[in-house]
Amino acid sequence: MKLLKWTLSIASLLALAGAFVLFGVLPDYVGREANQVSGDPGAAPSTAAQALHDTLIVGDLHADTALWSRSLTERGDWGQVDIPRLMEGNFALQMFTTVTKSPRGQNYDSNSADAADNITLLAFAQRWPGATRNSLTARALYQAQRIQQAAAKSPHMMLVVDQSSLAQLLTARARGEKQVGALIGTEGSHALDGSLDNIALLFDAGFRMMSLQHFFDNKLGGSLHGESNQGLTEFGRRAVQEMHRLGVMIDVAHSSEAVVHDVLDLTEDAPLIVSHTGFKGHCDRKRNISDATMQRIADAGGLIGVGFWEEAVCGQSVDAIVGAIRYGIDTFGVDHIALGSDWDGSVHTPIDAAMVAHLTQGMLSAGFTEAEISAVMGGNMLRFLQAHLPD
């Protein structure tokens with residue numbers, strides 16, 4: 001009997017230790033390793049550069065921060081985005097995207113839609129609600145709820161869902177208040193769980209941008225990193241039309257080039273977003289679509305967010321980001337270039353949100369005009385939102 005009790009005690013201790021590792025250690029460890037600030041941040045901003053930066057509307061089109069259990073309202077010691085760091089970087093606008101599925105062995109070349117899913121384990125380890133285990137829509141809604149709760153808790157963050165809330169944000173900032181406007185989007189429309197009705201459900205929950213694919217082909221069509229390279233499916237066409245009807249901004253980052261062309265043909269009066277990317281002509285990597293396709297996006301009035309990580313801009317430095325932005329302006333026009341960091345998206349970046357004035361300094365040092373800097377750092381994003389958010 002004593003031996004049995006001793007054995008049960010050891011088993012219980014081992015179980016507790018395993019639970020501690022899974023729920024207490026593993027999520028933070030994965031997040032810390034995946035989302036590092038590393039590389040060359042460039043020169044610290046001069047007095048003149050900081051003064052210019054403080055006058056800018058700063059905005060970013062893509063951060064996956066809501067995926068992680070780290071607090072949004074407190075300054076973290078890992079990761080790349082939280083409200084204190086956004087305030088320190090003088091951000092006015094941040095698009096938070098919701099990640100709902102990621103294939104095991106994820107890569108830029110080819111991924112199977114049937115591969116084991118990384119987010120299932122991460123969600124379990126972070127103790128997400130039970131509904132998120134089998135529903136990608138529930139995962140998107142849960143991450144959106146985290147953003148909404150942070151906005152409700154923080155006096156420095158507000159949700160932007162329409163023209164009225166955007167105007168309120170700008171009025172508050174004009175009064176000198178440090179306010180960050182948070183927008184919500186999806187990282188791939190597999191988040192719909194195959195149902196068109198979920199577009200309206202997500203819209204009603206505050207989603208204003210939806211990307212169509214992530215790292216694998218889905219019911220809407222082919223991914224740039226999938227196996228089929230196909231365009232929009234019939235379901236995908238209907239989904240795009242419904243997004244267009246509701247006024248959802250469509251993001252084609254990670255979509256196959258065939259999907260991009262199909263969407264452009266289908267929505268001639270609804271310019272597209274590429275929320276986080278590089279340029280094939282500047283950085284010839286599988287992550288980046290061709291300049292010809294990017295030109296069609298720009299010609300249709302689209303907005304292109306330049307990424308901050310090595311695979312997008314072919315360098316782990318602020319200078320590499322600046323070089324990609326320069327290429328984008330010179331090739332596609334200054335009105336179409338914005339920031340698309342991919343912060344907290346399992347990438348290493350040379351700066352975090354608090355350090356974004358380093359980018360202003362980098363552009364000044366590279367000879368950018370103040371008008372170009374103002375447009376890219378957030379002016380173009382603001383103008384796009386003013387044109388395409390619902391009334």
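## Exercises on helices, loops and a strand

Asparagine 229 is exposed, with a relative accessible area of 51%. Keep that value at hand for the opening exercise, and remember as you work that this is a predicted model.

**Exercise 1. Placing asparagine 229**

Find where asparagine 229 lies, and check its phi.

*Solution.*
- Step 1: Go to the loop between β5 (207–211) and α8; asparagine 229 is found there.
- Step 2: Compare its 51% relative accessible area with the cut-off, which is over 50% for exposed. Asparagine 229 therefore counts as exposed.
- Step 3: Read off phi. Its value is positive, about 60°, although asparagine 229 is not a glycine.

**Exercise 2. Another positive phi**

Locate serine 346 and decide whether it is buried, partly exposed or exposed.

*Solution.*
- Step 1: Serine 346 sits in the loop between β9 (337–339) and α13 (357–365).
- Step 2: Its phi is near 60°, again a positive value in a residue other than glycine.
- Step 3: The relative accessible area of serine 346 is 44%. Partly exposed covers the range between under 20% and over 50%, so serine 346 is partly exposed.

**Exercise 3. The pair α5 and α7**

Describe how helix α5 packs with helix α7, and sort the residues that make the contact.

*Solution.*
- Step 1: Two packed helices are described by the angle between their axes and the distance between the axes.
- Step 2: For α5 (residues 136–153) and α7 (residues 197–204), the angle is about 10° and the axes are 11 Å apart. This makes α5 roughly parallel to α7, because angles under 35 degrees count as roughly parallel.
- Step 3: On α5 the contact is made by Thr137, Ala140 and Leu141, and on α7 by Asn198, Leu201 and Leu202.
- Step 4: Sorted by type, the residues of this contact are four nonpolar, two polar and no charged.

**Exercise 4. The pair α9 and α10**

Do the same for α9 and α10, then work out which residues of α9 are buried.

*Solution.*
- Step 1: The axes of α9 (residues 257–266) and α10 (residues 291–299) come within 11 Å and cross at roughly 25°. With this angle, α9 is roughly parallel to α10, and the crossing is left-handed.
- Step 2: Glu257, Val260, His261, Leu264 and Asp265 of α9 meet Thr293, Arg296 and Ile297 of α10. By type, the contact residues are three nonpolar, two polar and three charged.
- Step 3: The buried residues in α9 are Val259, Val260, Val263 and Leu264. They cover an arc of only 135° around the axis, so they lie on the same side of α9.
- Step 4: To see the pattern, recall that an α-helix has 3.6 residues a turn, so residues three or four places apart point the same way.
- Step 5: The partners of these buried residues are α8 (234–246), β6 (249–251) and α10.

**Exercise 5. A residue in β6**

Decide whether isoleucine 250 is buried or exposed, and list what it touches.

*Solution.*
- Step 1: Isoleucine 250 belongs to strand β6.
- Step 2: Its relative accessibility is 4%, and the cut-off for buried is under 20%, so isoleucine 250 counts as buried.
- Step 3: Leaving aside residues up to four places away in sequence, isoleucine 250 touches Met210, Leu212, Val240, Met243, Val263, Leu272 and Ile273.
- Step 4: Take one of these partners, leucine 212. Leucine 212 is 38 residues from isoleucine 250 along the chain, and their C-alpha atoms are separated by 7.4 Å.

Technical notes: Residues numbered from 1 in each chain as written. Predicted model: local features only at pLDDT ≥ 70, side-chain atom pairs only at ≥ 80, totals over all residues. Heavy atoms only, no water. Axes fitted to C-alpha atoms, helices over the stretch in contact; angles between N-to-C directions. Helix = DSSP H or I, 4+ residues; strand = E, 2+ residues; numbered from the N terminus. Parallel < 35°, antiparallel > 145°, perpendicular 65-115°, else oblique. Contact = heavy atoms within 4.5 Å. Nonpolar A, V, L, I, M, F, W, Y, C, P; charged D, E, K, R; others polar. Left-handed = near helix turned anticlockwise from the far one by under 90°. Buried < 20%, exposed > 50% of the residue type's maximum accessible area, 1.4 Å probe, protein only. Arc of directions from axis to C-beta.
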